[in-house]
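Here are my notes on this one, jotted down while paging through the model. Have a look at the structure first, then read the points in any order you like.

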Amino acid sequence: MGVAVVAAVAFGAAPGPAAAQAPAWDLKDRHTDARFRGLAAVDRSTAWVAGTKGTVLRTTDGGARWKTVSPAGAEALEFRDIEAFDARRAVVLAIGEGEASRIFRTDDGGASWTESFRNTDPKAFYDCVTFFDHRHGLAMSDPVDGKYRILSTRDGGRSWRVLPSAGMPPAQTGEAGFAASGQCLVASGPKDVWLATGGGAASRVLHSADRGLTWTAAGTPVPAGDPARGVFGLAFRDRAHGIAVGGDYRADQPSPRAAAVTGDAGRRWTPSAQPPPAYRSGVAWLPRGHAAALAVGPTGTDLSTNGGRTWRTVDTGSYDTVDCTRDGACWAAGEKGRVARLGHRLP
């Protein structure tokens, strides 16, 4: 089945003429070669993408037109995550060692940006940012002095403070997060947040139920033991049910057991019985029902219709990240300026 038919089946439509009309990935022309690993889908009309060369784009018409709304003077920065509250308000994260890690916020659709955080610790490297609501959010850095460092905001990303590390378990040797899709730190509900890791002896997912003050760590079956392997992306449809995807990002290396699922907020992770066939960096729950999800990576898109237990490849295009909206659409973004929308509003 192609993406259109599979999407229709996932949302309850019977295969046939109606299913054939269901939309598939629709590539949008952005006239840029930037690689977009940051993606914030607001609704069917509005989405933001962020990527290399300090590039931020925004659409408010479903991807027909894209406006360059990059922060002034950001050409040397590497944007890897963006979180948007609506068509005007967004927070974008630049990654890198030392002062390369920065956070900006806009309140006017990207016409202007305010730098609200610049890392001054040469040992810190920020990877991802997430929000619980329009005010409360977190950003995470790779381990500093043996523990992941967490930033917190209470004013929508206008200011940030480093949280105490007493409630953070020690990191494994060589362990870190992956700034591959903006999904190494994800929240669900008012207080729950999860952090994905790799590179150490085992891949882990850390969970906090109090907005980052205290954390517990659980191992996952996704292989690690190498700086290129581990969990790269997480998605939770509620505080209990989550999916982890990852593998080995090197194109010449296999990625067995590239997905795992949890039904208890991440205390235990079970390998997918039929995982994606290759490394996947992004994952999202489809907006209708409780069982369908998409995973994306450089070699394709996979669909699960049973909560992440089994996956089937439905497209071979290259994407790094995926995000779905409550009003029935999914967006994906990746290398060479690729941005696409997969709508799910059936006839």
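1. Gly177 sits in the loop that links β13 (161–162) to β14 (185–188). Keep in mind that this is a predicted model. Despite the loop setting, Gly177 comes out as buried, because its relative accessibility is 10% and the cut-off for buried is under 20%. Leaving out residues up to four places away in sequence, Gly177 touches Asp127, Met140, Asp142, Tyr148 and Ala196. As for Pro254, 77 residues from Gly177 along the chain, the two C-alpha atoms are 20 Å apart.

2. Ser101 is another loop residue, placed between β7 (90–97) and β8 (102–106). Is Ser101 buried or exposed? Its relative accessibility is 0%, so Ser101 counts as buried. Setting aside neighbours within four places in sequence, its contacts on one side of the numbering are Ala94, Ile95 and Gly96. Further along the chain, Ser101 is in contact with Phe117, Arg118, Asn119, Phe125 and Tyr126.

3. For the sheet fans: β2, β3, β4 and β5 make an open sheet, in that order, with antiparallel pairing. The edges are β2 (36–41) and β5 (67–68); each has a single partner strand, so one side of each has no neighbour in the sheet. Between β2 and β3 (residues 47–51), the antiparallel pairing runs over 5 bridges. If you want a register check, look at Leu39, whose bridge partner in β3 is Val49.

4. Zooming out, the protein has 28 strands and 2 helices. Its radius of gyration is 18 Å, close to the 20 Å from the globule rule for 347 residues, so the protein is as compact as a globular protein of that length. If you are setting up a box, the C-alpha atoms fill roughly 60 × 45 × 40 Å along the principal axes.

5. On packing, 59% of the 347 residues count as buried. Take the contacts between residues at least 6 apart in sequence: 50% of them join residues at least 24 apart.

6. Surface and charge, to finish. The exposed area is about 13,400 Å², and carbon and sulfur atoms supply 49% of that. How many positive and negative side chains does the protein have? There are 41 positive and 35 negative ones, with the centres of the two sets lying 4 Å apart.

Methods:
Residues numbered from 1 in each chain as written. Predicted model: local features only at pLDDT ≥ 70, side-chain atom pairs only at ≥ 80, totals over all residues. Heavy atoms only, no water. Helix = DSSP H or I, 4+ residues; strand = E, 2+ residues; numbered from the N terminus. Rg over C-alpha atoms; globule rule 2.2 N^0.38 Å. Buried < 20%, exposed > 50% of the residue type's maximum accessible area, 1.4 Å probe, protein only. Contact = heavy atoms within 4.5 Å. Areas by Shrake-Rupley, 256 points an atom, 1.4 Å probe, with all protein chains shown as cover. Lys, Arg positive; Asp, Glu negative; His and termini not counted. Charge placed at Lys NZ, Arg CZ, Asp CG, Glu CD. Pairing = 2+ DSSP bridges.
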